[in-house]
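User: Please take a close look at one part of this structure, the surroundings of the ligand, and carry the description on to whatever adjoins it.

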Amino acid sequence: MILPEKYQLLRKNFRNFAETEFTDELQKKLDIEGGYEAEMYHKMARYGFTGIKIPVEYGGQGGDSLAYVLMIEEFARVCPVLAIYANTPNSLGGGPLVMCGNEEQKKKYLPDIASGKKHIVFALTEPGAGSDAGGTLTTAVADGDDFILNGRKCFVSGAPIADYAIIYAKTDPSAKGSRGISMFIVDLKLPGVTIGKAEAKMGINGYPTSDITLDNVRVSKADLLGPLNDGFRMAMKTLDGGRLGISAQALGLAQGCREEAIRYAKERKQFGKPIAANQGVSFMIADMATEIEAARELIYQTAIAKDANSPDSSMKCAMSKYFASEMANRVAYKAVQIFGGYGYIKDYKVERFYRDARIMSIYEGTSQIQQLVIANTLLR
Ligand code: COS
């Protein structure tokens with residue numbers, strides 16, 4: 001797709017920022033030490049990236065899904081984990097508030113999220129409710145002006161550094177399956193909240209992931225987000241946007257792999273010529289580039305369809321995530337293959353890309369869940 005000039009300029013700005021700020025030194029530090037780079041988050045906030053999709057009246061940039069996709073793609077092309085820093089406030093964290101917060105909630109929370117003062121995360125998954133997100137066991141029981149929450153959320157990206165979490169809990173125990181679930185904004189400083197130890201992960205190091213345990217946590221009724229008992233549908237709608245974001249992250253990673261592989265294949269000489277002169281290598285590059293272009297077209301079209309409220313946009317978000325995340329894994333595999341033994345060594349970026357790619361066909365719904373969403377839409 002030939003992008004209108006406005007988006008080309010945006011892409012250039014995002015690329016400049018990532019290439020200047022996401023230094024190799026910082027990327028290696030994050031990968032080896034894990035943890036979190038608060039200074040980078042604040043820098044992104046100063047540039048308006050943490051609020052790109054948050055409406056202007058609440059302190060954001062009011063950008064559309066295509067601008068958001070371009071930002072995530074360009075950031076992930078240089079460093080997939082740092083792309084998440086800009087993703088969470090715009091997507092799974094801030095998204096539910098933008099979508100169904102009342103005026104008071106939006107005014108209270110969104111400006112601080114857009115400006116990077118506060119960090120908000122999305123807590124849906126539980127030890128026994130992963131792909132079956134409707135199997136939520138966390139409960140919220142009304143008590144006077146509050147709800148009392150009990151349960152445990154797991155694999156919450158960003159929990160150790162977050163101020164708030166969007167928590168899903170069953171408010172109507174008599175409702176079957178995914179019905180009777182509600183959404184809450186929970187201040188993680190409230191008594192009874194425990195944040196677990198950061199998980200040791202294969203990749204995406206530098207943005208910590210942990211459990212959140214809720215033990216009789218008293219949450220004000222003012223922090224019920226959206227209609228009572230309708231939280232699951234809101235979670236699914238939020239995940240539509242989240243899946244688009246992951247597809248852009250996978251696209252950026254694949255583009256980064258492609259560039260590394262081409263540079264190396266032209267430089268590296270074996271049998272007296274650059275390895276790129278061998279069809280075995282050049283055809284891998286042709287395949288990588290073709291798949292990346294196909295993903296890019298699908299993702300950009302999906303972003304436009306989503307903003308136009310096209311009836312098939314949920315399915316397209318699932319298709320984008322399914323195709324782009326599997327594609328990124330294939331492309332990262334080939335990039336490592338082209339680098340040969342060096343691709344297995346941590347000094348070379350493709351080694352990290354390969355590990356980072358692996359989660360993309362898992363988080364925000366596995367590839368198999370995306371297939372289910374696509375098939376259910378087509379066959380209903
Ligand atoms: N937008 C709006 N509403 C949606 C929706 C969407 N994208 N997807 C589903 N819904 C609605 C359905 O229309 C249905 O509404 P009614 O109850 O009014 O009929 C309701 O939500 C339940 O949908 P469904 O019957 O499809 O729910 P299931 O329990 O069968 O679950 C899957 C569907 C498997 C698709 C869902 O649980 C899922 O996405 N699981 C993966 C979760 C995930 O991605 N976890 C990662 C968390 S972030 S790391």
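Analyst: The side chain of Arg 243 places an N or O atom 2.8 Å from an oxygen atom of the ligand. This is a predicted model, and the distances given here are computed from it. Gly 365 also faces a ligand oxygen atom, in this case through a polar backbone atom at 3.1 Å. With Ser 131 the ligand partner is a nitrogen atom, which lies 2.7 Å from a backbone N or O atom of that residue. On its own the ligand has 1,000 Å² of accessible area, and the protein covers 66% of that.

In total, 19 residues surround the ligand. Ser 131, Gly 365 and Arg 243 are among the closest, a group that also includes Arg 179 and Asp 240.

The domain division gives these positions a context. The protein chain is split into domain 1 (5-114), domain 2 (120-229) and domain 3 (233-379). By these bounds, Ser 131 and Arg 179 fall in domain 2, while Asp 240, Arg 243 and Gly 365 fall in domain 3.

Ser 131 leads on to the interface of domain 2 and domain 3. The centres of these two domains, taken over C-alpha atoms, are 30 Å apart. At the interface, 10 residues of domain 2 are in contact with 14 residues of domain 3. Between them the two domains bury about 860 Å², and carbon and sulfur atoms account for 75% of this area. On the domain 2 side, 51% of the area buried against domain 3 comes from Ser 131, Met 202 and Ile 204, more than from any other three residues. Ser 131 therefore appears in two roles, as one of the residues closest to the ligand and as one of these three contributors to the buried area, which is the accessible area lost on putting the two parts together.

As for residue classes, the side of domain 2 that touches domain 3 has seven nonpolar residues, three polar and no charged. Zero salt bridges are found across the interface of domain 2 and domain 3. Two residue pairs are in polar contact there, both at pLDDT 80 or more.

Terms used:
Residues numbered from 1 in each chain as written. Predicted model: local features only at pLDDT ≥ 70, side-chain atom pairs only at ≥ 80, totals over all residues. Heavy atoms only, no water. Domains from an automatic or database assignment. Contact = heavy atoms within 4.5 Å. Buried area = accessible area lost by both parts, 1.4 Å probe. Salt bridge = Lys/Arg side-chain N within 4 Å of Asp/Glu carboxyl O. Polar contact = N/O pair within 3.5 Å; in protein donor to acceptor, adjacent residues only side chain to side chain. Nonpolar A, V, L, I, M, F, W, Y, C, P; charged D, E, K, R; others polar. Near = heavy atom within 4 Å. Areas by Shrake-Rupley, 256 points an atom, 1.4 Å probe, with all protein chains shown as cover.
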